[in-house]
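The following report describes a single protein chain through its side-chain pairings, its cysteines and its backbone geometry. The sequence and the structure are shown first.

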Amino acid sequence: MALMIGAECMACGICIEECPNNAILESTPVYVIDPDLCTECVGAFDEPQCVRVCPLEVIIPNPDYAESHEQLLEKEKRLLGSRDPDQ
């Protein structure tokens with residue numbers, strides 16, 4: 001399932017730079033995670049990189065976007081196929 005950022009977010013921005021899929025966007029009052037781009041870092045890392053760096057631990061599973069491990073891997077493959085290889 002995609003992740004989401006809780007209302008307690010202090011908008012420090014650390015998570016934006018850590019997201020390999022550029023799924024985290026600035027918003028008001030807290031940042032948001034695009035569920036179409038979030039793969040929870042499955043296939044790339046052992047844990048979601050945004051969760052790893054969040055100082056407040058406010059990044060949680062988004063219950064509106066339930067996806068299995070296999071679905072997240074497939075999404076990651078689709079995203080990798082659509083990325084510019086020079087990025």
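Does E18 count as buried, partly exposed or exposed? At 30% relative accessibility, E18 counts as partly exposed. The model is a predicted one, and the values in this report are to be read with that in mind.

**Confidence**

The chain has a mean pLDDT of 91, and 93% of its residues reach 70 or more. Confidence is highest in helix α2 (residues 49-53), with a mean of 98, and lowest in helix α3 (residues 69-82), with a mean of 90.

**Salt bridges**

Two salt bridges are found in a search of the whole structure. In one of them, E18 pairs with R52, and the closest N and O atoms are 2.9 Å apart. This pair connects distant parts of the chain: E18 belongs to helix α1 (residues 14-18) and R52 to helix α2, with their positions 34 residues apart in sequence. R52, at 42% relative accessibility, is partly exposed.

A further salt bridge joins the side chains of E67 and K75, at 3.1 Å from N to O. Here E67 is partly exposed, with a relative accessible area of 24%, whereas K75 is buried, with a relative accessible area of 3%. K75 is located in helix α3. A polar atom of the K75 side chain also lies 2.6 Å from the backbone oxygen of P35. When neighbours within four places in sequence are left aside, the contacts of K75 are P35, D36, C38, T39 and E67. The buried lysine side chain thus has both E67, as its salt-bridge partner, and the backbone oxygen of P35, as a polar neighbour.

**Cysteines and the nonpolar core**

How many disulfides does the structure hold? There are zero. The closest cysteine sulfur to that of C12 belongs to C15 and is 6.2 Å away, which is too far for a bond; a disulfide would require the two sulfur atoms to be within 2.5 Å. C50 is likewise in no disulfide, and its nearest cysteine sulfur, that of C38, is 6.2 Å away. As to accessibility, C12 is partly exposed, with a relative accessible area of 39%, while C50 is buried at 7%.

In soluble globular proteins, nonpolar side chains tend to be buried together. The largest nonpolar core of this model has 16 residues, of which I5, C15, I24, I33 and I59 touch the most other members. Residues up to four places away in sequence not being counted, C15 touches I5, I24, Y31, C50, V53 and I59.

**The surroundings of L37**

L37 is found in the loop between β3 (32-33) and α2 and is partly exposed at 25% relative accessibility. Its contacts, apart from residues up to four places away in sequence, are N21, N22, A23 and L79. The C-alpha atoms of L37 and C19 are 9.9 Å apart in space, and the two residues are 18 residues apart in sequence.

One of the residues in contact with L37, N21, lies in the loop between α1 and β2 (24-25). N21 is buried, with a relative accessible area of 7%, and its side chain reaches the backbone oxygen of L37 at 3.1 Å. N22, which is placed in the loop between α1 and β2, is exposed at 54% relative accessibility.

**Backbone geometry**

Most residues other than glycine have a negative phi, and most peptide bonds are trans. The following entries depart from that pattern.

| Site | Feature | Value |
|---|---|---|
| A11 | positive phi, not a glycine | about 55° |
| N22 | positive phi, not a glycine | near 55° |
| T28 and P29 | cis peptide bond, omega | about 5° |

A11 lies in the loop between β1 (3-5) and α1, where it is partly exposed at 30% relative accessibility. P29, which is joined to T28 by the cis peptide bond, lies in the loop between β2 and β3.

Methods:
Residues are numbered from 1 along each chain as its sequence is written. This is a predicted model: local features need pLDDT of at least 70, side-chain atom pairs count only at pLDDT 80 or more; totals for chains, interfaces and linings use all residues. Side-chain values use heavy atoms; hydrogens and water are left out. Buried means under 20% relative accessible area, exposed over 50%, partly exposed in between (1.4 Å probe, protein chains only). pLDDT is the predictor's confidence in each residue, from 0 to 100. Helices (H or I, at least four residues) and strands (E, at least two) are DSSP runs, numbered from the N terminus. A salt bridge is a side-chain nitrogen of Lys or Arg within 4 Å of a carboxyl oxygen of Asp or Glu. A polar contact is a pair of N or O atoms within 3.5 Å; within protein, one must be able to donate a hydrogen and the other to accept it, and residues adjacent in sequence count only if both atoms are side-chain atoms. Contact means heavy atoms within 4.5 Å. A nonpolar core is a set of buried Ala, Val, Leu, Ile, Met, Phe, Trp, Tyr and Cys residues joined through side-chain atoms within 4.5 Å.
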